[in-house]
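This report describes a single protein model for a reader meeting it for the first time. Please keep the sequence and the structure in view while reading.

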Amino acid sequence: MNYSLLTGAIMPYFSFNLPAPMIIFWHINRIAHFALLVFSYFISKWIRKPILPGRPVSLSIEPTTSCNLRCQECPSGLRSFTRPTGMLAFSTFRKLIDQTAPHLVFLNLYFQGEPYLNPQFLDFVRYARKKGIYTSSSTNAHYLSEERARETVASGLNRLIVSVDGTTQEIYEAYRTGGRLDRVLEGTRRLIKWKKKLKSRSPKIVFQFLVVKPNEHQIGELKLLAKDIGVDEVSIKTAQIGDYKNGSALLPENPKYSRYRLQDDGTYAIKNPLKNQCWKMWHSCVVTWDGRAVPCCFDKDARHEMGNIKRSSLNEIWKSSAYHSFRKKLLQSRSSIDICTNCTEGMKIYEK
């Protein structure tokens with residue numbers, strides 16, 4: 001179970017300039033709620049029956065499914081979605097945040113697509129920050145102009161992942177088809193420049209390196225590049241391969257950086273054991289640009305829709321019979337759920 005992002009999101013509340021009684025109430029309310037979720041999760045695992053008295057403390061909302069790149073293994077880049085492409089409306093976002101703000105701690109403004117393609121992306125950030133919610137997002141960094149970089153820092157965004165899957169143009173575009181590494185690096189430098197100008201500690205900038213066979217030899221170079229530019233963290237991430245059983249040209253040679261292991265019969269299997277449990281089902285939810293609530297980020301095509309926030313509140317969906325049945329099935333036979341069979345939750349290697 002990985003609490004690192006949630007605990008990291010909770011800590012900024014200690015710096016709020018609020019009256020002492022309000023700060024104490026804020027902390028006690030959220031800490032008690034989080035503890036309730038953890039307790040109910042362990043009880044549910046033990047009795048193999050979902051008990052869920054709490055509400056989600058973490059949420060991913062999709063600003064758009066549109067993307068400027070055509071990355072391999074990405075349904076957004078490959079244009080392979082069966083669900084429609086579109087932009088999250090501010091009215092939908094505001095409705096969802098107003099419903100969840102009392103208990104929401106962490107907001108990830110990303111699912112599929114490139115967030116900066118939605119013209120209101122930073123409006124989403126500003127609105128969530130006014131509600132006291134920790135915000136994070138992920139970008140391919142092709143739209144960080146001077147003005148957008150300044151606005152990003154000024155928006156209060158807490159954390160921004162920048163995808164850098166190569167240290168040379170040739171290697172970078174081998175996976176990120178249509179991308180330009182020079183724009184990524186220049187956009188990152190602009191962010192860091194504006195952080196200094198505005199004397200801001202946020203956003204925390206993370207270089208994320210998705211390891212595949214063509215780029216695995218550049219991991220050391222990436223760390224040096226990150227240090228030279230001045231980013232806060234390097235995240236080495238293993239790649240999810242859709243059709244992995246018979247191997248793939250993207251599988252790295254170093255097994256440390258692969259989600260899959262070679263079996264005696266020459267086929268590949270996922271490293272992670274599929275235990276009948278999943279912490280995500282007790283603390284988080286994903287909402288698509290058009291309001292569909294789905295269990296997690298592995299349901300990229302929204303095949304397991306639990307409800308739609310345009311018709312029901314998220315709290316109603318969270319407690320619905322559909323969600324209850326999904327959690328029950330997961331506790332009893334997770335391997336029978338299609339989106340779980342390629343799940344590699346937690347398989348990242350964070351390096352400074």
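Cysteine 67 is buried, its relative accessible area being 17%; buried means under 20% relative accessible area, exposed means over 50%, and partly exposed lies in between (1.4 Å probe, protein chains only). Cysteine 285 is likewise buried, at 1% relative accessibility. Its sulfur is 9.9 Å from the closest cysteine sulfur, that of cysteine 296, which is too far for a bond. A disulfide is a covalent bond between the sulfur atoms of two cysteines. Here the term is applied to a pair of cysteine sulfur atoms within 2.5 Å, and the structure holds 0 disulfides.

The model is predicted: local features need pLDDT of at least 70 and side-chain atom pairs count only at pLDDT 80 or more, whereas totals for chains, interfaces and linings use all residues. Residues are numbered from 1 along each chain as its sequence is written, and side-chain values use heavy atoms, with hydrogens and water left out.

**The chain as a whole**

The protein chain contains 12 helices and 12 strands. These elements are DSSP runs numbered from the N terminus, with helices (H or I) of at least four residues and strands (E) of at least two. Of the chain's 352 residues, 55% count as buried. The protein chain exposes about 16,000 Å², and carbon and sulfur atoms supply 53% of this area; accessible areas come from the Shrake-Rupley method with a 1.4 Å probe, and for residues only the protein chains shown count as cover. Among contacts (heavy atoms within 4.5 Å) between residues at least 6 apart in sequence, 70% join residues at least 24 apart.

**Strands E5 and E6**

Strand E5 (residues 204-211) runs parallel to strand E6, and 6 bridges join the two; strands pair if DSSP finds at least two bridges between them. Within this pairing, leucine 210 stands opposite lysine 237 in E6. Together with helix H9 (residues 219-229), E5 and E6 form a right-handed β-α-β unit. Right-handed means that, with the strands pointing away from the viewer, the path from the first strand over the helix to the second runs clockwise. Strand E6 (residues 233-238) is largely enclosed by the rest of the structure, because 5 of its 6 residues are buried. Ahead of this unit, proline 203 sits in the loop between helix H8 (181-197) and E5, and the peptide bond from serine 202 to proline 203 is cis, with omega near 0°.

**Helix H5 and its surroundings**

In helix H5 (residues 121-130), the buried residues are Phe121, Leu122, Phe124, Val125, Tyr127 and Ala128. Their cover includes helix H4 (90-100), strand E2 (106-108), strand E3 (134-139) and helix H6 (146-155). Just after H5, glycine 132 adopts a positive phi of about 80°.

The loop between E2 and H5 holds tyrosine 110, which is partly exposed at 26% relative accessibility. Apart from neighbours within four places in sequence, tyrosine 110 is in contact with Ser60, Ile61, Pro63, Pro115, Ser137 and Ser138. The C-alpha atoms of tyrosine 110 and serine 138 are 6.3 Å apart, although 28 residues separate them along the chain.

**Two alanines with positive phi**

The table gives the backbone angle and the loop of two residues that are not glycines.

| Residue | Phi | Place |
|---|---|---|
| Alanine 141 | about 60° | loop between E3 and H6 |
| Alanine 302 | about 55° | loop between strand E10 (292-294) and E11 |

Alanine 141 counts as buried at 1% relative accessibility, and alanine 302 is buried with a relative accessible area of 8%.

**Two buried asparagines**

Asparagine 308 belongs to strand E11 (residues 307-308) and is buried, with a relative accessible area of 7%. Not counting residues up to four places away in sequence, asparagine 308 touches Asp290, Gly291, Arg292 and Ile317. A polar atom of its side chain lies 3.3 Å from the backbone oxygen of aspartate 290. The C-alpha atoms of asparagine 308 and valine 294, 14 residues apart along the chain, are separated by 9.1 Å.

Asparagine 315 is placed in helix H11 (residues 314-318). Asparagine 315 is also buried, with a relative accessible area of 17%. Which residues does asparagine 315 contact, leaving aside its neighbours within four places in sequence? They are Arg55, Gln99 and His103.

Notes: Polar contact = N/O pair within 3.5 Å; in protein donor to acceptor, adjacent residues only side chain to side chain.
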